[in-house]
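Biologist: Before we talk about surfaces and rings, please put the model up, and then take me through how each feature is read.

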Amino acid sequence: MNITFHFPTSEKGVAELSKKVAVTYANAVFEKVNKLDCSKEQKVAILNSIK
């Protein structure tokens with residue numbers, strides 16, 4: 001399987017892509033922490049330590 005990536009070339013496009021990547025990563029981290037078997041307070045502490 002071949003995958004072709006077309007990255008943005010303008011500064012605005014690169015900034016937009018960076019923001020979308022950051023949001024996607026943050027959502028993945030949040031979901032992973034949210035699934036942990038611990039108290040809400042511990043989850044908040046974990047997220048704050050990451051932040």
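Biologist: Which residues form a nonpolar patch on the surface?

Modeller: A patch gathers residues with over 30% relative accessible area and no salt bridge (a side-chain nitrogen of Lys or Arg within 4 Å of a carboxyl oxygen of Asp or Glu), joining like charges within 9 Å and nonpolar side chains (Val, Leu, Ile, Met, Phe, Trp, Tyr) within 5 Å. Here Met1, Ile3, Phe5, Phe7, Leu17 and Val21 form such a patch, and together they have about 770 Å² of accessible area, computed by the Shrake-Rupley method with a 1.4 Å probe, where for residues only the protein chains shown count as cover. This is a predicted model, in which local features need pLDDT of at least 70 and side-chain atom pairs count only at pLDDT 80 or more, while totals for chains, interfaces and linings use all residues. Residues are numbered from 1 along each chain as its sequence is written, and side-chain values use heavy atoms, with hydrogens and water left out.

Biologist: Is Phe7 buried or exposed?

Modeller: Buried means under 20% relative accessible area, exposed over 50%, and partly exposed in between (1.4 Å probe, protein chains only). Phe7 is exposed at 60%, as is Phe5 at 59%, and Met1, with 94%, also counts as exposed.

Biologist: How far apart in space are Phe7 and Leu17?

Modeller: Their C-alpha atoms lie 8.5 Å apart, although ten residues separate Phe7 and Leu17 in sequence.

Biologist: How many aromatic pairs does the rule count?

Modeller: A pair of aromatic rings is described by the distance of the centres and the angle of the planes. Rings of Phe, Tyr and Trp (its six-membered ring) pair if their centres lie within 6.5 Å, and planes under 30 degrees apart count as stacked, over 60 as edge-to-face and the rest as tilted. The count comes to one aromatic pair: the rings of Phe5 and Phe7 have centres 5.8 Å apart and planes at 20 degrees, so this pair is stacked.
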